Amino acid sequence: MSFYNGILNLTNWSGNVILPTLAALFIAIAILQFSRGHSYSHALYGGFLCLMASGLLRAFETFASQRPWDNPDVYWIALVSLVDWLCNVILPLYAALQVAAGAV
């Protein structure tokens, strides 16, 4: 096994197993803190940070692995994928959040 495969397996394991598990733990701690009337924001932010790190890790892997490393268009394809993901995923979620906030 090469060093590259070891790092790739470590990244996959941490992104798919460890960080979502830690996020669930932090969110459970935040719920317990909230039910006891204590400050829960630090634990909630920790859970969101774990989920964001896991999601960003998956996103970077997707953007980077669409073309071979020696393809001259690899940066262009990664940039186009990033803009596509931003416009088709993030902005509609933001719009739905604003509609929900307006309804509340």
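1. Helix 1 contains a kink of about 40 degrees, centred on Ser14. The model under discussion is a predicted one, and the points below should be read as a description of that prediction.

2. The span of helix 1 (residues 3–36) agrees with expectation: at 1.5 Å a residue its 34 residues should cover 50 Å, and the end C-alpha atoms lie 47 Å apart. The buried residues in this helix include Gly15, Leu19, Ala23 and Ala30. As general background, an α-helix has 3.6 residues a turn, so residues three or four places apart point the same way.

3. Two further residues of helix 1 deserve mention. Ile7 is found in this helix and counts as partly exposed because its relative accessibility is 38%, which falls between the 20% limit for buried and the 50% limit for exposed. Ile7 and Leu56 are 49 residues apart in sequence, and their C-alpha atoms are 17 Å apart in space. Asn9 also lies in helix 1 and is partly exposed, with a relative accessible area of 40%. From Asn9 to Phe26 the separation is 17 residues in sequence and 24 Å in space, C-alpha to C-alpha.

4. Which residues form the aromatic pair? The structure holds one aromatic pair, made by Phe34 and Tyr40 in an edge-to-face arrangement, with 5.2 Å from centre to centre and 85 degrees between the planes. The pair is classed as edge-to-face because the angle of 85 degrees is over the cut-off of 60. Phe34 is exposed, with a relative accessible area of 55%, whereas Tyr40 is partly exposed at 34%.

5. Helix 2 covers residues 41–64, and Ala43 lies within it. Is Ala43 buried or exposed? Its relative accessible area is 11%, so Ala43 is buried, the limit for that class being under 20%. Ala43 and Leu32 are eleven residues apart along the chain, and a distance of 9.9 Å separates their C-alpha atoms.

6. Helix 3 has 30 residues and reaches 43 Å from its first C-alpha to its last, which is close to the 44 Å expected at 1.5 Å a residue. Where does helix 3 bend? The bend is at Leu86 and amounts to about 30 degrees. The buried residues of this helix are Val74, Ile77 and Ser81.

7. A nonpolar surface patch of about 960 Å² is made by Trp76, Leu79, Val80, Leu82, Val83, Trp85, Leu86, Val89, Ile90, Leu91 and Leu93. Leu86, where helix 3 bends, is thus also one of the patch residues.

8. Two members of the patch can be described individually. Val80 lies in helix 3 and, at 38% relative accessibility, counts as partly exposed. Ile90 lies in helix 3 (residues 74–103) and is likewise partly exposed, with a relative accessible area of 34%. Both values satisfy the requirement for patch members, because that requirement is over 30% relative accessible area. The C-alpha atoms of Ile90 and Ser39, which are 51 residues apart along the chain, are separated by 29 Å.

Note on methods. Residues numbered from 1 in each chain as written. Predicted model: local features only at pLDDT ≥ 70, side-chain atom pairs only at ≥ 80, totals over all residues. Heavy atoms only, no water. Helix = DSSP H or I, 4+ residues; strand = E, 2+ residues; numbered from the N terminus. Buried < 20%, exposed > 50% of the residue type's maximum accessible area, 1.4 Å probe, protein only. Patch = residues over 30% accessible without salt bridge, like charges linked within 9 Å, V, L, I, M, F, W, Y side chains within 5 Å. Areas by Shrake-Rupley, 256 points an atom, 1.4 Å probe, with all protein chains shown as cover. Salt bridge = Lys/Arg side-chain N within 4 Å of Asp/Glu carboxyl O. Expected span 1.5 Å × (residues − 1). Bend = angle between axes of the 7 residues up to and from the residue. Phe/Tyr/Trp six-rings, centres within 6.5 Å; stacked < 30°, edge-to-face > 60°.
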